[in-house]
Amino acid sequence: MTEPLQIHQPRSGSEGHSDIFDCVQCGYCSAYCKVSFISEDSPRKVIRFLQQDDIDKAVKSSFVTLCKQCQTCTWMCPQGIDVAGIMRHLVRHHFINY
Amino acid sequence: MGTNPPQIGLYIIDPGETLAEIVDLQAVIQKCAKIRQVEVCEVISDIWAEQSLQTVQETVTENRIDRLVWVGTFTAQQKKTIQNVLLEVGVNPYLHEWCDLQLQTIALGKGTEKTLLGKTLTVIEMALARAKQLQPLVPIKLPASDSVVVVGAGIAGLHAAASFIERGKRVHLVEKQSGVGGKVALLSRFYPLLCNPQCGIEYVLKTLRNSDKLTLHTLSKPLAVEGNAGNFSVTIQSQPRYVDTDRCNGCGLCSNVCPVELPIFLDNIQDEPPFQEAKGIGGLIKETRRAIHASVPFSFPESFVVERASCPEGCCKCEDACPTKAIDLSEQLPAEQNITAGAVLATTGWDPYPLSRLNNYHGYGQHANVIGNLEMEQLLSQISKGSDIPLFPSEGDGNRVGFIQCSGSRNTKHLSYCSSVCCSATIKQIKQLKTLRPDAKCTVFYQDMRCNGFEEELYRELRSTSDVLFVRGFPKVEASNPPEGTKLTLVCEDTFSGRPITTELDLLVLAGGMQPSKAGVEFAELSGLPLNDHNFFEGHYQCYPEESQRTGILTGGCARGPMNASQSIESAGRAAMKALKFLEGTISIEPTYPVVNQLKCDQCKRCVEECPFDCYRLNDKGFPEPDLSKCRQCGNCMGICPVSAISINHLTLKQLAVQIEILENSFLDYEEPIILAFLCENDALVAARSAMDKGLNVPMNVIHIGVPCAGAVNNALIADALSIGIDGVLIGGCKDGQCHYINGNQLVNKRSGDLADKLKTMRVEPERVQSLSLEIHEAERYVTILEDYIQSLKAMGPSPFKL
C-alpha cells in the first residue's frame, strides 16, 4: 500500500462518524444496499473485516468496486456510522493498489 | 443548662487495651482533666460490660454533666444504644460528640510516640471544643394532609392506589382517558404467566371498587402542583363526560341508538395515527364504536361517556333513550378543582413510538399488512374473543407472519435506548398465535434477543417446540404489487451465514419501542421536575429510584423508564411505600436543618439560587427562609453563603470553626504539612474510612471532618483554616452525576474561583486547596492522592501563617 489507511476515526459529532467499532453487525446496510447481493461480500462483511484488522481483505473485496455511493447504508445505519464514507476510502485504495 | 457553662464528661473507650499500646492514655487523661469544663475524664476498657453504662449514667447524674465526648471507635448501632441509655438520665441525643480515633489515622499506630500522642490530644481537644458548642435538638413536626394524588390510572397507578387504600389513605386518581387500565388494558396477554390482563386489572379493582376512599377523576389532567411535601395543592381540569356516573347503569341502550360510527382503537393506540385511517389496524379490525360508549380502555368507572365532538348537531337520541335520565347533552365547560394532598405520585406511563416515522424502513402506514405490536395485541385479543376477523388481510388464506425487532429502539436516529420489553412481547405473541393458528409460520428478524431473567425460559421453549425461524439481521420490506399489495417480500442478509434470505409474508409485525408519555412530559413541565436525556423522569436510579427532585413527588412505573407490567407494579409499590411517610397527618423533620441568621444575612439570594431542591423562599422582610418539608439537609446553602449567615444545626459554622482553631498548634514537625480534609459522608469519607480499615498507609498529616455534602464547606472556613497556618485543605466529594444532592460536588468547583481570589489577597497559594472526587471503593486511590498532595505541599513550603 502506498499510504496507511485511516479508517478507525474516533467519533467527533453525532452524525456521520466512521468509528467502525460502533458497528453491531445488524445487517440493515446489507439489506437495503442495492448491490450487496451481486458480489460475494456485503457492506456488513467489509466492516467486519475492518473490525478484525484485516484491511487487505476489505480493500481487495470486489464489493467495494460495486459500491455506487448511493448513501442508503449511511442513511439506514442505526448506529449513525458513515458506511458509504468508509466504502469511498476503500474503493480509492482498491484502485491504487490492485 | 441555661446560663450555666456546659459540663463535659470525657470517656475514652479502649476495648482490649489496644489503644493503650499505641498512645500513652495516662498522659492524655492528665492533660485533658486540666481542660476547663471537663468534669469527668476516664478510660473504660469495656463499655459493653453490664455495669459500665450504668456507672456512666450515675456519674452523669451526680456531676450534673450535660454533654459527653466519646473517644474510640463506634458503629452507628452502638452510638444509638449509648444515646438511648443516656436519654434516660436526660441527655439529649444531640449532646454527644464522637471522636473517632480510627478515622483520624491514630488507631493505625503508625508514626512516632510523640506524634501519636500529639495528634490524639489535638483531635480530643477538637472534640471538646465542638462539644462546648453543641445544642440540644428535637425533631420538629409539621402538619400534613393524609390524601394522595396519583396521576395516571394505568396498571402502576391502580396498584399504587390500591396500596394506599389498604393503608386507609384517601386517593385521588387522575386519568386522562375515560376509563382506567392504560396500555395494559390494550394487551391480549401479559407475561410472565401469560394471563389475560383484563383479569389482572379486575383483580386490583376489587380493592378500589368497594372503597369510599377513592375519588376517580376521569378525562382529567393536572394543571398545577403548588406547595410542598405534606401540603401540596394540585389543580386538575376535568372534561365533561355528559353522563352522570351515579345514575348510569351501563345498560347500553344509548349506544344502540347512536347514529355515529367511529373507527375503533386507532386513536387510543397511537398518538400519531398512520397516514390513512383505512390502513394499519383501522383496516384490520372492521369493528367500530359509537359516539356514546363505555369507558375505554377498561370499563371502570362503569359509566358511559359521550365524545361530544363527534356528535351530529341537534342529535339527542341517546338522551331520549336513556331509562335512568343519566345523559345531559347541554353545553358544559371543563371543571377545575383544587385537591390538597400530602404526596403526589406520577405514574404517567408510556406511549408507543410512532411507527409512522419508520414508514420508509418498513412500510408502516403504506401497506395494510404492516402493523405495530400493540395492534397485534388488539388483533390477538379480538380473535381469541371469538371475533371473526381474519388474521391476515390477504385474500387467500395466508399463514406467514414476520416480526421485526428493535423497530425504533436502539437506533441513534430514533430511540437510542433498548425498550426492554419488545423481545419478550414478540415471543409472547408468537406463543398465543400458535395456539390460535397452529399452522402459522413465524420468522423473527432480530439483532439480539433480550429476554431478561426468567423470560429466557419462554424463549427457549419457543425455540425448541415450534417451527419459528429466528434470523439475525434486518430485512428490507417490499410489497409485491404496491400499493394495494397483499403479500410482502422481505430481503435480508443472514448475518450468521452471510447469505441473502428472501421471505414472503402475509403479515408483518413491527416490535415498536416505548417512549415516555406526552402526559408525563407535560406533568414534568408543570411540576418543575427534570427529565433525563430520553425524557423519562430523572432520579437517582440506585439510591432513591422512585424519588424525584421535589420532595413528596414520587414517580413509578414506565414514567421512569421502559419496564414490563410486573416491574411496573413493583416500582409503583415502592413509590407508594416512599409516599406513605408524607401521609401520616404530620411530617417529622430531623432537627439538622439549616437556620438563617438574619443579623448577618445581606439578602444576596445566593442560597435561593443554588439550593439543589429549590427550598428557599423570601419572607415578607426579604430574608430567605428554608421550607423544611422540602429540605434534604445537604448543607449546600451553608457552603454557598458569602457572609456565613447560614448554618445547619449540629454542624454549625461555629462548631466547625472552633475545631479548626485547635489546629493552630501543629502536632507534627514544622516541615510536615498539616492537611484538613472535609469529606462527603456518602462517598469520600467512607472511602477514607475503608482505607483505614484496610490498614493502608494513610499519612498522619491529615485530619478528617465529615460533612453531609462537599458543597457544605464554606469558603470562609477554608480561608480561616489557611489563615491560622494549616498547610492544605482537601475537599472530597462524589463523582459528577453521582452526588446524592444532585450537584453539590460541582458547586464546590463553581465557587473555587471566588476562593482563589480571596486566597491571593491573603498571599496564600490557591493550590493549597484541592478538591477531589472519590468513589466509595477508591480507598487506594485516596491514599495515593494524599501522598501526592503532601509532596506538592512540601514543595510549596510551610504555610506563611504557620507558627
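**Two chains and their helices**

In this predicted model, the contact between the chains draws on 16 residues from chain A and 15 residues from chain B. On the side of chain A that touches chain B, helix 1 (28-32) and helix 2 (43-51) of chain A each supply at least two residues. Helix 1 of chain A gives the largest share of that side, four residues. Sorted by class, the residues of the side of chain A that touches chain B are seven nonpolar, seven polar and two charged.

Next, consider chain A as a whole. Its secondary structure consists of six helices and zero strands, so the order of elements from the N terminus on reads α-α-α-α-α-α. Chain A has 98 residues, and 39% of them count as buried. How far apart in sequence are the residues that its contacts join? Among contacts in chain A between residues at least 6 apart in sequence, 61% join residues at least 24 apart.

Chain B offers a pair of packed helices to look at. Helix 2 (residues 25-33) of chain B packs against helix 5 (residues 113-133) of chain B at an angle of about 35 degrees, and their axes are 11 Å apart. The crossing of these two helices of chain B is right-handed. Helix 2 of chain B contributes B:A27, B:V28, B:K31 and B:C32 to the contact. Across from them, helix 5 of chain B contributes B:L117, B:T120, B:L121 and B:I124. By class, this contact between helix 2 and helix 5 of chain B has six nonpolar residues, one polar and one charged.

Technical notes
Residues are numbered from 1 along each chain as its sequence is written. Chains are lettered from A and ligands numbered from 1 in the order in which they are written. This is a predicted model: local features need pLDDT of at least 70, side-chain atom pairs count only at pLDDT 80 or more; totals for chains, interfaces and linings use all residues. A residue is buried if 20 or more other C-beta atoms lie within 10 Å of its own, exposed if 12 or fewer, and partly exposed in between; C-beta atoms are placed from the backbone. Two residues are in contact if their C-beta atoms, placed from the backbone, lie within 7 Å. Ala, Val, Leu, Ile, Met, Phe, Trp, Tyr, Cys and Pro count as nonpolar, Asp, Glu, Lys and Arg as charged, and the others, Gly among them, as polar. Axes are lines fitted to C-alpha atoms, for helices over the stretch in contact, and angles run from 0 to 180 degrees between N-to-C directions. A crossing is left-handed if the near helix is turned anticlockwise from the far one by less than a right angle, and right-handed if clockwise.
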